[in-house]
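Here are my notes on the charged pairs, as promised. Have a look at the model first, then read on.

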Amino acid sequence: LGRRALAAGAVNWLAPTADGWCGDNTDGVGLVADLVRLLAATDRPLAGSRLLLIGAGGAARGVLGPLLDAAPAMLTIVNRDPQKAAALVRAAANRSDVPLASAVFETLADDFDIVVNATSASLDGAGLPLASRTLAGATLAYDLMYGAVPGPFLRQAGQAGATLVADGLGMLVEQAAESFRLWRGVRPDSGPVREALRSRLARDARGATHEG
């Protein structure tokens, strides 16, 4: 297994080798690539930013390593279960020099440059118990979930005053591009794929509305 797969505790890329199989995880690299793309339109780079990661499950663990590799100024993990957040911080503490901390929603008072939602709350149509001040100063609020319309977290962030909001469609495309690079040795242009998928989602949403 590659370093990213070991850190994530999961594999989403496989390739045969002379000795068996090689496994890797491209989710976190895909997220970082999409964050960098989105932040290019702002004056806030990912490196040196104050980053909040919401969630402490498999999705959060899968992206944490590459986020730390991107050298934010600090990274805080917040979760409904503080023990899970603290455990994820302990597991990652020896892999990076980035200051790491865990928190609970009720005591989260700092403002952040980038807020990443790695929970499944949006799938259930649920919001998160985040104070508006936590989101108000964010340059980018990002949800790993994606869909035809913004989910509850992105609506919440936009209403609170986050400068940019984005869902995880770009991450989906970028992690696939990284997988292609690992297989073929060349990274494809992800822009046309992202635009085609976004257009397809919009068409599906209009069709569902008309049928309703």
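**Notes on the salt bridges**

1. Let's start with Asp-34 and Arg-37, which form a salt bridge whose closest N and O atoms are 2.8 Å apart. Bear in mind that this is a predicted model. Both residues sit in helix α2 (residues 27–39), three residues apart, or about one turn of the helix.

2. The two partners of that pair are not equally accessible. Asp-34 has a relative accessible area of 1%, so it is buried, given that buried means under 20%. Arg-37 comes out at 34% and counts as partly exposed.

3. Next, a pair that links distant parts of the chain. Glu-178 and Arg-4 form a salt bridge, with 3.2 Å between the closest N and O atoms. Glu-178 belongs to helix α7 (residues 169–184) and Arg-4 to helix α1, 174 residues apart. Both Glu-178 and Arg-4 are buried.

4. This pair also has company: Arg-4 and Glu-178 are part of a network of salt bridges that also takes in Asp-24, Glu-174, Arg-181, Arg-187 and Arg-194.

5. Helix α1 comes up again with Arg-3, which forms a salt bridge with Asp-69; the closest N and O atoms are 3.3 Å apart. Here too distant parts of the chain are linked: Arg-3 is in helix α1 (residues 3–8), Asp-69 in helix α3 (residues 58–69), 66 residues apart. Arg-3 is exposed at 59% relative accessible area, while Asp-69, at 48%, counts as partly exposed.

6. For the overall tally, a search of the whole structure finds 13 salt bridges.

Methods. Residues numbered from 1 in each chain as written. Predicted model: local features only at pLDDT ≥ 70, side-chain atom pairs only at ≥ 80, totals over all residues. Heavy atoms only, no water. Salt bridge = Lys/Arg side-chain N within 4 Å of Asp/Glu carboxyl O. Helix = DSSP H or I, 4+ residues; strand = E, 2+ residues; numbered from the N terminus. Buried < 20%, exposed > 50% of the residue type's maximum accessible area, 1.4 Å probe, protein only.
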